[in-house]
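Please look through the model shown here, beginning with the chain as a whole and then turning to individual helices.

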Amino acid sequence: MNLFRTPLFAAAAALAASSFLTACDTKPATASEGGSPTAETVATDSAATAAAMSGTTATATEEANATPAPDPSSIPANKIADAATITARPQVPILCYHQIRDWRAKDSKGAKDYIVPVQQFKDQIKMLADSGYHTILPDQLYAYLTTGAKLPSKPIMLTFDDTDLDQFTVAKPTLDKYGYKAVYFIMTVSLGRPNYMSKAQVKQLSDEGNVIGSHTWDHHNVKKYQGEDWVTQIEKPTKTLEEITGKDIKYFAYPFGLWNPEAIPQLKQRGMVAAFVLAEKRDQNDPLFTIRRIIASGYWKPRTLHNSIVQSF
Ligand SMILES: [Zn+2]
């Protein structure tokens, strides 16, 4: 973090940090690969939704934790399915969250997609539990996609980007209540800064069975990396996160969901086995490095979230 103390880097980081609040990722699209309409425009079959959302209280935890997933490195290359087979498997819904806090007067309309009010978040997670969803983690997803390994019923993955402190203070206790685990994609520049998680908090998340992934050093667009950028943005942050957690860092989320084919070998070379985009199409040649997520919007009531999950994946 020495570089960060120099004025130039501090200024760049401050600028980047201020833009995270409103411009972190591309807008929440709910369109699926088949081009379904967005959740808001689709008439809801309220009876069906109500049925799906009631009953089945989460006996989630035991089932989800019953089968520990193999480490990706233990899966022999000749057991890994080809891209077409991976793409053909039903997608697991993956949600992407940023800030979990109540809206403030100065929050822009657009920012509110990325800021989920506390009660809205609690309601969304309760809906998932009441609907019988089981959270899974990336190693489980990887084993499923590459080898067809079995997943718990109604699998879902919860991911949190950008290191925001409220993910630890607000989201985690809510998830703990249901025995849910999540993936936290950390941008290392923000560690320990006001309103962001500390290294100790990231370690605690990891120790408690959540997965820590990389989200670059300071959130620059992967498509623009050249030369040393790969070291600054991927290699060093990965090492930092490995030192904090004592575990290998194997999963990456592209800032803004933006990627290009050149990035994939660079990520593989630096230990990543899969990477996550946002709602756009997966790449036919490299579906493991373009795994889709949708942003769970701050505007979404549980029913809208449920519709988006069903329609987008
Ligand atoms: Zn981000």
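What follows moves from the overall make-up of the chain to one helix and its surroundings, and then to a pair of packed helices.

The model is a predicted one, and the secondary structure of its protein chain comes to 12 helices and 10 strands. Of the 313 residues in the chain, 43% are buried, and among the contacts that join residues at least 6 apart in sequence, 72% link residues at least 24 apart.

Helix α10, which runs over residues 229–245, has 17 residues and spans 23 Å from its first C-alpha to its last, close to the 24 Å expected at 1.5 Å a residue. The helix nevertheless bends by about 25° at Glu-235, with a proline, Pro-237, following within four residues. Pro-237 is also one of the buried residues of α10, a set that further includes Gln-233, Ile-234, Thr-238, Thr-240, Leu-241 and Ile-244. In an α-helix there are 3.6 residues a turn, so residues three or four places apart point the same way. The elements that cover the buried residues of α10 include the strands β6 (183–186) and β7 (211–214) as well as the helices α9 (199–207) and α11 (263–269). Just after α10, Gly-246 adopts a positive phi of about 70°.

Elsewhere in the chain, helix α6 (residues 118–130) packs against helix α12 (residues 302–312) at an angle of about 55°, their axes lying 9 Å apart, and the two helices are therefore oblique to each other. The crossing of α6 past α12 is right-handed; there, Asp-123, Gln-124 and Met-127 of α6 meet Pro-302, Leu-305 and His-306 of α12.

How values were computed
Residues are numbered from 1 along each chain as its sequence is written. This is a predicted model: local features need pLDDT of at least 70, side-chain atom pairs count only at pLDDT 80 or more; totals for chains, interfaces and linings use all residues. The expected span of a helix is 1.5 Å times one less than its number of residues. The bend at a residue is the angle between axes fitted to the seven residues ending there and the seven starting there. A residue is buried if 20 or more other C-beta atoms lie within 10 Å of its own, exposed if 12 or fewer, and partly exposed in between; C-beta atoms are placed from the backbone. Two residues are in contact if their C-beta atoms, placed from the backbone, lie within 7 Å. Axes are lines fitted to C-alpha atoms, for helices over the stretch in contact, and angles run from 0 to 180 degrees between N-to-C directions. Angles under 35 degrees count as roughly parallel, over 145 as roughly antiparallel, 65 to 115 as roughly perpendicular and the rest as oblique. A crossing is left-handed if the near helix is turned anticlockwise from the far one by less than a right angle, and right-handed if clockwise.
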